[in-house]
Amino acid sequence: MHRIVIVGGGAGGLELATRLGDGLGLKCKAEVTLIDRWPTHVWKPLLHEVAAGSLDTDTHQIAYAAHAHWHHFGFVQGEMAGLNRDTREVSIAAVCDSDGAEVLPARTIGYDTLVLALGSRTHFFGVPGAREHSSALDTLEQAEVLRKRLLQACMKKRALSRAGDDEAVDIAIIGAGATGVELAAELRRMESTFRKFGLLSNEKQHAMRITLLEAGTRILPALSEKVSGITHESLERMNVSISTADPVNKVSLNAVETKSGRSIPTDVTIWAAGIKAPDVLATLDGLAVNRINQVKVSNSLQSESDENIFAIGDCASCAWTEEKTVPPRAQAAHQQAMFLFKALSARINGRNFGAFKYKDHGSLISLGSATAVGSLSHVRSRSIFVEGLVAKLMYAALYRKHVMAVAGMRQMVIALLGHSLRRFAAPRVKLH
């Protein structure tokens with residue numbers, strides 16, 4: 001059978017593997033294999049909630065092995081290490097446990113069609129100390145590490161407040177894109193819960209001091225000025241300190257230094273200032289990539305270097321307009337997965353397939369449990385501004401839509417009921 005290998009089980013990769021498995025794998029028209037370095041999938045836009053402790057990952061994870069069994073594709077755990085385009089083989093690095101002992105050996109996987117869906121990684125832009133002294137939010141593992149760091153910082157300062165010292169938890173978030181803004185709002189929302197469980201003092205001076213730093217002239221630079229302005233006002237009402245047009249020059253263990261000479265004290269520093277595709281893509285057997293390692297693809301999502309290799313999601317550089325490329329958003333990965341399912345089905349059957357066309361349906365930013373803000377694209381290319389509870393319900397629906405696209409309607413409804421019931425039996429913050 002035709003061998004389709006998908007590397008990366010993010011929003012686009014997992015959806016594509018599921019659709020291909022149900023559509024081609026079930027009918028024995030193709031052998032579909034998904035490769036990912038982690039054993040489970042969590043929707044990346046939820047990671048800021050994981051970091052804040054407000055989301056229980058146990059109820060939101062999808063185990064790749066089980067999902068593959070139910071949807072007629074294979075799963076291989078491991079990280080992509082190389083590519084041989086002549087023999088059409090993907091090299092997979094060995095999998096080791098936490099002690100460094102080898103669990104799975106290095107392997108090679110053969111393919112006829114290869115789809116790269118490796119997502120993105122944090123771009124530190126070479127800022128001194130950024131990689132060493134700040135936390136990123138690329139993976140579930142990083143989000144869990146950050147959550148534990150936040151809990152430890154809160155407990156440490158709580159002990160100082162009991163001793164009579166006037167201390168607050170200083171949190172610096174570098175980068176005011178969607179991730180940085182949503183994390184700042186989620187942390188402020190969770191502050192009252194932290195107080196209830198004794199992680200923070202009830203006195204206001206012992207609260208979290210959250211500083212959001214943006215190198216550009218405004219927060220949410222990729223969105224409209226109206227959305228940016230209203231979000232800015234909302235964050236200020238939440239007592240989030242916002243710094244714009246002052247890039248970070250250095251990150252140390254307990255401070256962030258900016259270009260203007262400011263030194264901002266911090267107990268926890270989070271870097272959300274930019275993304276790039278994984279470095280391995282720049283080393284792959286002559287594959288054309290751009291300056292941030294994204295694979296250069298045509299309007300059919302095929303690599304400019306090899307017609308048997310496709311790329312989707314954050315790791316693909318695909319033209320949208322003459323001036324812009326398709327933005328790194330979950331909705332883009334979803335649209336590309338849907339297109340590529342039809343395109344690969346046609347390709348296997350020897351039929352031609354058309355070009356991918358991205359449609360921007362707008363963006364929504366979560367600002368806490370009961371509100372959100374954003375804009376939706378109108379059929380006549382106009383934007384409709386939304387905010388408040390309506391926007392929040394629409395934001396929540398995005399995740400449900402992702403679960404439905406991957407697992408189906410029945411599983412989405414069961415998961416929704418399970419999450420709702422669990423709220424009555426578990427604390428609102430993960431304490432361990």
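## The sheet β24-β25-β26 and helix α9

In this predicted model, strands β24 and β25 run antiparallel and are joined by 5 bridges. Within this pair, Ser-363 stands opposite Ser-375 of β25. The two strands belong to an open sheet of 3 strands, ordered β24-β25-β26, in which the pairing is antiparallel. Because β24 (362-366) and β26 each have a single partner strand, they stand at the edges of the sheet, and one side of each is left without a neighbour there. On average, and with direction ignored, neighbouring strands of this sheet are turned by 15 degrees against each other.

Helix α9, which covers residues 388-407, packs on this sheet and touches β24, β25 and β26. The direction of α9 makes about 105 degrees with that of β24.

## The sheet β16-β17-β18

A further set of 3 strands forms an open sheet in the order β16-β17-β18, again with antiparallel pairing. Its edge strands are β16 (248-251) and β18 (263-265), each of which pairs on one side only. From one strand to the next, the twist of this sheet averages 25 degrees.

Strand β17, made up of residues 255-258, pairs with β18 in the antiparallel sense over 3 bridges. Glu-257 is placed opposite Ser-263, a residue of β18. As a general matter, the strands of a sheet pair through backbone hydrogen bonds, and this pairing can be either parallel or antiparallel.

## Helix α7 and its cover

Helix α7 spans residues 225-237, and its 13 residues reach 18 Å from the first C-alpha to the last, which is close to the 18 Å expected at 1.5 Å a residue. The helix is followed by Asn-239, whose phi is positive, near 65 degrees.

The buried residues of α7 are Val-227, Ser-228, Ile-230, Thr-231, Ser-234 and Leu-235. Their cover includes helix α6 (178-196) together with the strands β14 (208-214), β15 (241-244), β25 (372-377) and β26 (383-387). Two of the strands named here, β25 and β26, are also members of the sheet on which α9 packs.

## Ile-219, in the loop before α7

Ile-219 lies in the loop between β14 and α7. With a relative accessible area of 1%, Ile-219 counts as buried, because the cut-off for that class is under 20%.

When its neighbours within four places in sequence are left aside, Ile-219 is in contact with Ala-176, Val-181, Leu-212, Glu-214, Ser-228, Thr-231, His-232, Leu-235, Ile-242 and Thr-244. Among these partners, Ser-228, Thr-231 and Leu-235 are buried residues of α7. By contrast, Thr-193 is not listed among these contacts: Ile-219 and Thr-193 are 26 residues apart in sequence, and their C-alpha atoms are 27 Å apart in space.

## The chain as a whole

The secondary structure of the chain comes to 10 helices and 26 strands. Its radius of gyration is 22 Å, close to the 22 Å that the globule rule gives for 432 residues, so the chain is as compact as a globular protein of that length. Taken along the principal axes, the C-alpha atoms fill a box of roughly 75 × 50 × 45 Å.

Of the 432 residues in the chain, 51% are buried. Among contacts with a separation of 6 or more, 63% are accounted for by residues 24 or more positions apart. The chain exposes about 20400 Å², of which carbon and sulfur atoms supply 52%.

Conventions: Residues numbered from 1 in each chain as written. Predicted model: local features only at pLDDT ≥ 70, side-chain atom pairs only at ≥ 80, totals over all residues. Heavy atoms only, no water. Helix = DSSP H or I, 4+ residues; strand = E, 2+ residues; numbered from the N terminus. Expected span 1.5 Å × (residues − 1). Buried < 20%, exposed > 50% of the residue type's maximum accessible area, 1.4 Å probe, protein only. Contact = heavy atoms within 4.5 Å. Pairing = 2+ DSSP bridges. Axes fitted to C-alpha atoms, helices over the stretch in contact; angles between N-to-C directions. Rg over C-alpha atoms; globule rule 2.2 N^0.38 Å. Areas by Shrake-Rupley, 256 points an atom, 1.4 Å probe, with all protein chains shown as cover.
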